[in-house]
Number of protein chains: 2
Amino acid sequence: MINLGAKHENLDQKAYSIIKKMIIDRKLLPGEKIPQEKLAQDLGISRTPLVSALKYLENEKLVEAKPRRGYFVRLFTMQEMVSIFELREVLEGLAARRAAANITDAQIDELDRFFDPFKTIKNITDLRTYAREDRRFHSFVTEVGAKEFLKSILQTYNIISFSYQVVSSEGLIRSPNETISEHLAIVEALSRRDAVKSEDLMRYHFKQSIARLKEEIAAEATGTSVRVKPLPSMDSGQPSMENSL
Amino acid sequence: MINLGAKHENLDQKAYSIIKKMIIDRKLLPGEKIPQEKLAQDLGISRTPLVSALKYLENEKLVEAKPRRGYFVRLFTMQEMVSIFELREVLEGLAARRAAANITDAQIDELDRFFDPFKTIKNITDLRTYAREDRRFHSFVTEVGAKEFLKSILQTYNIISFSYQVVSSEGLIRSPNETISEHLAIVEALSRRDAVKSEDLMRYHFKQSIARLKEEIAAEATGTSVRVKPLPSMDSGQPSMENSL
DNA sequence: ATTTTGTATTTTGTATGCAAAATGCACTAA
DNA sequence: TTAGTGCATTTTGCATACAAAATACAAAAT
């Protein structure tokens, strides 16, 4: 007896996807209140499945419930963003380790072409394109190495990173000239299916960015820099899930 | 202006806590269907807040929703249990790292008394007491080192580990004689506030248990052993959240 | 002009009702 | 005996209704 997926996708699931996308695409901004009645009408559903969807988003931390006051798009402090990156460090490290163990020959071919346009350039200036490739790369590793639990957690925190857009310059914490070699080193370790090295390099990559992030925060505190801010608005052309490093 | 907590705790939160406890205490067993109408009546509430609570438990993975069929206490395969332990490896590793950085002098004193009754014994036979101490130890590290995000994730997976009771002999994967030295080494590193060492040792501790777990699974597959099974029933006297290693 | 108070309006939390789907069960056919 | 088949019963998903709480806002008091 086959159990055909068992997923009809109810209204709350659809609402969930739509609202999630609205947050990612910054149609709903951090801190903003979510108008239940209005949103329900816009989606053509009642409040019941809408609130269900909000519950999901609540433990995904994308949304915050204040009892008797409603739901708000969640806002993160800089300290919390650092915590999230520390989480991503160990989780993507694990994903890389598993990816090295699972990767197929075809996937290795695909992997080898990552960052191709940048391999020969000495000074990378096209931040937008590099940032996109960066996100695509992290997505790829997650896709190959993470399933079920790890995948769902990682997706959540990647979305937070991205939707909050901690950093300016296309979301890059460090310049491409600094990170390209790290990226290529990870690619190389994965190609060799070296699990330990892949994990180590991925964690090193994150550690470096976290250190920089902390510097930025310290600098901002002393008034030296003001690059760290949520964007005022933006339509992510490609709704990639990853934040760039 | 003070924002007094902002938590009145609605019915769904209460239901959530109660159901969670029922799963931990094995009043509801893995695979079992959750009878909405009946449970709602037992709790003296309507289905609306009950279903809300189930949504929470759903993305905590303690419960599984099959559309149009209802909610079921989630059941995990052995492979999934290994994945969960791999997750705990990196997450508790991170928790240990942070704990080493945050721990107070008072907490170090407390920590030093962990495993006291076992320090002088050459062959530990009281598995039950050791297992409890083990869980208490892991809880302590989580409490000191993990907050917000990390904490909530860890709690979830610790509960799964415990509620599913992967392993026999009080939930211990390896014998106390094997793990006591690892535990004491972690205690020592934390006391010295050595973040790197604390993380490394915690991960080593998990890696060892994971390796053993995989052996168990392989052995079970070839019919050598049958120790790995969900318990038929049991009232956890102390509802500790941690699974023992 | 600002703060406070009181009242009208909106929004939340929860129960309830109902159609559609799933389940259980008696009956029939092999 | 086992395997269908059709019908009655239960359960789910969702909309709706409504009391209690929160909010907005106007009038009064400082």
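In the predicted model, B:Arg193 is partly exposed, with a relative accessible area of 37%. The residue belongs to the loop that runs between α8 (176-191) and α9 (195-221) of chain B. Its phi angle is near 55°, a positive value in a residue other than glycine. A positive phi in a residue other than glycine is also found at B:Phe115, where the angle is near 65°. B:Phe115 lies in the loop between α5 (105-112) and α6 (127-145) of chain B. Whereas B:Arg193 is partly exposed, B:Phe115 is buried, and its relative accessible area is 0%.

The relation between the two protein chains was examined next. A turn of 180°, combined with a shift of 0.1 Å along the axis, lays chain A on chain B with an RMSD of 0.1 Å. The two copies are thus related as by a two-fold rotation axis. The same surface serves both copies, in that 100% of the contact residues of chain A recur in chain B. Among the residues of chain A, the one that comes closest to the rotation axis is A:Val90, whose C-alpha atom is at 2.9 Å.

A:Val90 is also one of the contacts of B:Leu91. When neighbours within four places in sequence are left aside, B:Leu91 is in contact with A:Leu87, A:Val90 and A:Leu91 of chain A, and with B:Leu150, B:Ile153 and B:Leu154 of chain B. The contacts of B:Leu91 therefore include residues of both chains, contact here meaning heavy atoms within 4.5 Å. B:Leu91 is, in addition, part of the largest nonpolar core, which holds 134 residues. Within this core, the members that touch the most others are A:Ile19, A:Leu87, A:Leu91 and A:Phe137 from chain A, together with B:Ile19, B:Leu87 and B:Leu91 from chain B.

The surroundings of the DNA were then considered strand by strand. There are 16 residues around DNA strand D, of which A:Leu11, A:Ser46, A:Thr48, B:Arg47 and B:Arg68 come nearest. Of the atoms of this strand that come within 4 Å of the protein, 67% belong to sugar and phosphate. By class, the residues of the surface near DNA strand D comprise 4 nonpolar, 6 polar and 6 charged. Individual atom pairs give further detail. A polar backbone atom of A:Leu11 is 2.6 Å from a phosphate oxygen of DNA strand D. A phosphate oxygen of DNA strand D likewise lies 2.9 Å from a backbone N or O atom of B:Arg68. At B:Arg47, by contrast, an N or O atom of the side chain is 2.9 Å from a base nitrogen of DNA strand D.

Around DNA strand C there are 16 residues, and those that come nearest are A:Arg47, A:Arg68, B:Leu11, B:Ser46 and B:Thr48. Sugar or phosphate contributes 68% of the atoms of DNA strand C within 4 Å of the protein, and bases contribute the rest. The surface near this strand has 4 nonpolar, 6 polar and 6 charged residues. A base nitrogen of DNA strand C lies 2.9 Å from an N or O atom in the side chain of A:Arg47. The backbone of A:Arg68 has a polar atom 2.9 Å from a phosphate oxygen of DNA strand C. A further phosphate contact involves A:Gln36, whose side chain has an N or O atom 3.4 Å from a phosphate oxygen of DNA strand C.

In chain B, residue B:Gln36 is found in helix α2 (residues 36-43). With a relative accessibility of 17%, B:Gln36 counts as buried. Apart from neighbours within four places in sequence, B:Gln36 is in contact with B:Arg47, B:Leu50, B:Val51 and B:Tyr71. One of these contacts, B:Arg47, is among the residues that come nearest to DNA strand D. B:Gln36 and B:Ser46 are 10 residues apart along the chain, and their C-alpha atoms are separated by 9.1 Å.

In chain A, the loop between α1 (11-24) and β1 (33-34) contains A:Gly31. This glycine counts as partly exposed, at 35% relative accessibility. Leaving aside neighbours within four places in sequence, A:Gly31 is in contact with A:Phe72, A:Val73, A:Arg74 and A:Leu75. A:Gly31 and A:Arg74 are 43 residues apart in sequence, yet 5.7 Å apart in space from C-alpha to C-alpha.

Note on methods
Residues are numbered from 1 along each chain as its sequence is written. Chains are lettered from A and ligands numbered from 1 in the order in which they are written. This is a predicted model: local features need pLDDT of at least 70, side-chain atom pairs count only at pLDDT 80 or more; totals for chains, interfaces and linings use all residues. Side-chain values use heavy atoms; hydrogens and water are left out. Copies are superposed by least squares on the C-alpha atoms of residues with pLDDT of at least 70 in both. A residue is near a molecule or strand if one of its heavy atoms lies within 4 Å of it. A polar contact is a pair of N or O atoms within 3.5 Å; within protein, one must be able to donate a hydrogen and the other to accept it, and residues adjacent in sequence count only if both atoms are side-chain atoms. Ala, Val, Leu, Ile, Met, Phe, Trp, Tyr, Cys and Pro count as nonpolar, Asp, Glu, Lys and Arg as charged, and the others, Gly among them, as polar. Helices (H or I, at least four residues) and strands (E, at least two) are DSSP runs, numbered from the N terminus. Buried means under 20% relative accessible area, exposed over 50%, partly exposed in between (1.4 Å probe, protein chains only). A nonpolar core is a set of buried Ala, Val, Leu, Ile, Met, Phe, Trp, Tyr and Cys residues joined through side-chain atoms within 4.5 Å.
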